[in-house]
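Work through the exercises below with the sequence and the coordinates at hand. Each task is followed by a solution that goes step by step.

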Amino acid sequence: MKTKKESSEEMFVSGSCHDEDQPAFPAKRSKPEVPSEEIVYHPVKLSRNDLYRPPSAEELNQLKEAESLFHCSLLKMQMEELLKEVVLSERRRQQIDSFIEKVTKCLQAVPTLPKVEVSDLSWLSGPVKVPFLLMPKATKGKFYMTPPASINVIGSYPLGTCIKPHIKVDLAVTIPADVLQPKDFLNQRYPRKRALYLAGLAQHLSSSSEVGTLRYSCLHGNRLRPVLLLTPPGKDSSFTVRVHACPPPGFFKPNRFHPQRNNVRTEWYTGVQTAQPESSGPPTPHYNSSVLGDLLPRAHLQFLSAVSSQCSAFTDGVALLKVWLHQRQLDQGTGCFSGFLASMLVAFLLSTHRISNNMTAYQLLRNSLNFLASTDLTVNGISLAKDPDSSAPSLAEFHSAFQVVFVDPSGHLNMCSDMTACAYKQLQHEASLSMQFWDEPTVDGFHCLLMTPKPMIRTSDHVFQLCDLVKLQSTCKKQNLLNDLMDLSGNYIQAALPFVLSLLQQGLGQRIHLLTHSLAPDLEWSVESDAPKYKAQPPLSFGLLLQPELASCILEKGPAADNPKAVEFRQLWGSRSELRRFQDGSITEAVLWEGESMCQRRLVPQQIVTYLLQVHADIPEASVRHIGGIDDVVKTGSEVPTTGEEESLVVVQAYDDLSRKLWNLEGLPLSITAVQGAHPALRYTQVFPPRPLKVDYSFFDKEKISRSLIPKEGKPCPAYITPITVICHMEGSGKWPHDRLAIRHIRAAFHIRLAELLKKQHNYTCRACPSHLDVWKEGLAFRIQVAYHREPQVLRESVTPEGLLVLRDNEEAQQLEVATIHKPLLTSTLHGLQQEYSCFGAVCRLAKRWLAAQLFSDDITEDTADLLVASLFLQPAPFTPPGSPQVGFLRFLHLLSSFEWRNNPLIVNLNNELTAADYTEIKNGFMASRESLPVMFIATPKDKKSSMWTKRAPTVQMLQRVMTVAAESLKVLERQLMDGKQLQDVRVVMRPPLDAYDVLIHLNPKQVPLLSQAVDPPSVNFSRGVTAQSAAQSGGSLPVIDYNPVFLYLLELREAFGDLALFFCDPYGGTVIAVLWKPKAFAPAPFKTSQVSARTVKVTGNEAKTLPNVEAILEDFRVLGKDLVKSVEAKMDKWSF
């Protein structure tokens, strides 16, 4: 439906869907005609009665609708704006009508040619080919080319439900009755004549200047129903006309196409004589549906037009449903839920009075999704036929032939004949998911429903592909699917697909929540090319939505040995099945899969898929491509590779033990009130968790006084030992001083006392410092910091000259509060999130590895990154929470690149503490104070107003850079993962573009302690004075803790030259420090004796100015990093000052 204002407004609409009506250049405004008499407008004076007149019934309805149906009127306006965007403009309609008129004239002028055999193609004189795969080669019948009997526009365009951006207009060209014979429904005769007729039309149109490009395609991937695609000449090819060749209405009797009838004879298809009577072959329901589908498009259009005329919002409701389907990739390809089916579904709901004719487009969409979510068409089919004739099949007969049943108004055609049960289950799942978050006031329903694309790679937890589609021929042969091949005209992919899906569903069982598959796309090819073979289509992709608690189980427990179902279990699992005795005494069939570490157990579904396809479908392992490997960048360990879960668990267990021992210490002057972890390793999100280490004493000398270990001269930098921060809160007491310096002294005394007690009672090697206490326990270093709960308050207090005590917030107090209160709280909360979602930590590690590799780890800090990932699990709409590290990482990149940080706060509802009122309060506060808030604003239940984690970073420029790189990384990674022809090198998105920087400081790998963690680690590493071992002992000398020369060098550079440049480095084994000059720092400044550091004086006339001395600065880079810096590379061609 079109609004009156649309034609004037459409040129200026902008949004997510590209407005194809916008001209490439601004149109000149025509000067308004000057009226002969000047018209003066006066304000209309309303009487008191008019001014305070009660609202009309229509106005009351609108007010009620906005209040009850929408979270707010904003959602209503968003949907109305979207409809304006996707509905065709008047100008576009005029272009389409004009082009159709020209095409119709051309088609009516098709010459009549002599009658020939169907197999004789000599009349096709030009390079135009027939869009049909001739399997078998020959069939009976005569054919001749002649002008069409009639030409009609059908489909969504005349109905008003055609939407942008992919505008397709359907044109039905009726083949004259003389060209066809009554028995042409047999043995592909009609489909072949149809293809020949299209080829004749293509040959005629190819010589016309009124038509641009001509290509062939198939209607929803059905090779029996080729179509001719036409675009207008010139650059304006924003729409496509699809030419369908159809038989005259009523030419074939519908009962000929009953799903239990055979219309493809076995003798003809195989070329082998059989003793059976001709008509008793196996039923060919899919073939029958293909032919019958060509008979009914005009009748369907009449039916939909009648329904549409009764419901004013029908076209808008269907348009919204089509947008919803398109975002979920469910509306294109073989067995899709097309726009036509969407229209028929809404018509079904209207005709059965499940929805009212007076409902709005919003209500039509909602009720349609609710119906899809609650109705299983694989079990209970539906029919639009009110009083079908006696020859029409029953729903039970349709169900016996097809997996999904939705019968058209004639009662003879199943419109979902090509859809698999898995495809419908996916549709049902998506509808159910949409209904779940529709009414959730904390979710942006409009954005999740209609604006967020859901490609398979970002929706499914595991994705794998069948690359070599020819191998499915052996599946058909092994499973004896000849009847299906006959029915599907030799399409072995569609013939084998139901069996493969059923096999995988049976094998994966309770491990998965949903199994999905890609829909074979509608291939397009030139009219001068032969129809592509079936194997030419892209690889067949399968997606698994996992049940996290069961997916990685390595044991598949079967029925008891004496149970009749044991035979079935053994048939499925073959040689992998074996009898096992369990601790409870039961003896059952079982299958054991490989998986020592968590990252190996995550691949159990992959092992199952590969094994089942090899054993039952004759598809070799080499033809199955599992999409993944992203977590390789955080893998460690050579014998048993891990991605950090096991190491994190060891750290948490060691911390728990230390915590218990701290609680039980005897001899402290004040008792301990709380022991809290404040380190990413204790919430399972440290990129490379600390591993228990054993010190190699031959690498070190001992310092005489403290007996600490010092690396010998000439040795490489020792291994970096991460201190695991633990906050130890002491009880409050009147003995605590009220002076900041005295409190620090008391804390230092507690550190000394704790060290003495831990050494005495547990023989731990300790080193006390004023700010912390380092404890060496079982090969791990813990850094204990004593905290006093009133210290931040003391830091805020100050005394005025008049003697008044005032409270002033300051940076020092805030930092102490974050370190001793907020960070431990965040750590314990995220630790709980890891217990709920097993792959949360792995996604965090991947996200932070990417940020570090792209040199963003100083801008998006560890805590910020963990909160960003937490939001993906706590508010996953329109997805389900990530079930694998890969899908979580892809969504993290999408969140970073697409979230509107300028206009929205990211609300992370930890522990589900925030209510809808809190959300509103946060959003209102954010809008009111936007200019003074951080550019990236993250709100949590304990931090609704200030976004403490992003207060210092990132800056606007760095956030923009992060968003750009994230968008590019996502695009490259998704394309590489889904393209079977590309080598899967996921590290490509971890390699930063260094050409954007002004200076590169190359470091000596020998002095980079974390070199082995680099994105591309060297083949030969240096001995770092430690050996990894799981049973490292406590006691002994204390190794060098928290010593990273790269980090210390960076601190010095920023302190000395932070006003001139920005410095970036990958903290995990990066051997390059990238430098970016600050443009403002190179503007000439007035000469001041206090500001001549690293500057040179330039005198012009009587004025002395100072400029940065770049040569001296580069030399200083070398001097500051003596023995650490290998070389300094200055990219002078990039410098613009």
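**Exercise 1: a sheet and a helix**

Task: Starting from the residue that valine 675 pairs with in β22, place β18 in its sheet and find which helix lies across β18.

Solution: In this predicted model, the bridge partner of valine 675 in β22 is cysteine 728. Moving from this pair to the strands, one finds that β18 and β22, the latter covering residues 723-730, run antiparallel and are joined by five bridges. The next step is the sheet, which is open, has five strands with mixed pairing, and follows the order β18-β22-β25-β24-β23. Because β18 (672-677) and β23 (765-768) each have a single partner strand, they stand at the edges, and one side of each is left without a neighbour in the sheet. With direction ignored, neighbouring strands of this sheet are turned by 25° against each other on average. Finally, the helix is α25 (residues 645-663), which lies across β18, β22, β24 (773-777) and β25 (780-787), and which runs at about 170° to β18.

**Exercise 2: the interface of two domains**

Task: Describe how domain 1 and domain 2 meet, beginning with their bounds and ending with the elements on the side of domain 1.

Solution: The bounds come from the domain assignment of the protein, which gives 89-451 for domain 1 and 456-510 + 517-554 + 593-627 for domain 2. The C-alpha centres of these two domains lie 27 Å apart. At the level of residues, 46 from domain 1 are in contact with 33 from domain 2, and the area buried between the domains is about 3,200 Å², with carbon and sulfur atoms giving 59% of that area. Turning to polar terms, the count is 11 residue pairs in polar contact between the two domains, with both residues at pLDDT 80 or more, and one salt bridge is found across the interface. On the side of domain 1 that touches domain 2, the elements that give two or more residues are β5 (214-219), β6 (222-230), α8 (266-270), α9 (285-295) and α15 (421-438).

**Exercise 3: charged pairs**

Task: State how many salt bridges the rule counts, and examine the pairs formed by arginine 215 and by lysine 454.

Solution: Side chains of opposite charge can pair when their charged atoms come close. The count comes to 48 salt bridges. Arginine 215 forms one with glutamate 524, where the closest N and O atoms are 3.6 Å apart. For lysine 454 the partner is glutamate 430, and here the closest N and O atoms are 2.7 Å apart. Since lysine 454 lies in the loop between α16 (445-451) and α17 (456-459), and glutamate 430 in helix α15, this pair ties together parts that are 24 residues apart in sequence.

Definitions and conventions: Residues are numbered from 1 along each chain as its sequence is written. This is a predicted model: local features need pLDDT of at least 70, side-chain atom pairs count only at pLDDT 80 or more; totals for chains, interfaces and linings use all residues. Side-chain values use heavy atoms; hydrogens and water are left out. Two strands pair if DSSP finds at least two bridges between them. Helices (H or I, at least four residues) and strands (E, at least two) are DSSP runs, numbered from the N terminus. Axes are lines fitted to C-alpha atoms, for helices over the stretch in contact, and angles run from 0 to 180 degrees between N-to-C directions. Contact means heavy atoms within 4.5 Å. Domain bounds come from an automatic or database domain assignment. Buried area is the accessible area (1.4 Å probe) that two parts lose on being put together, summed over both. A salt bridge is a side-chain nitrogen of Lys or Arg within 4 Å of a carboxyl oxygen of Asp or Glu. A polar contact is a pair of N or O atoms within 3.5 Å; within protein, one must be able to donate a hydrogen and the other to accept it, and residues adjacent in sequence count only if both atoms are side-chain atoms.
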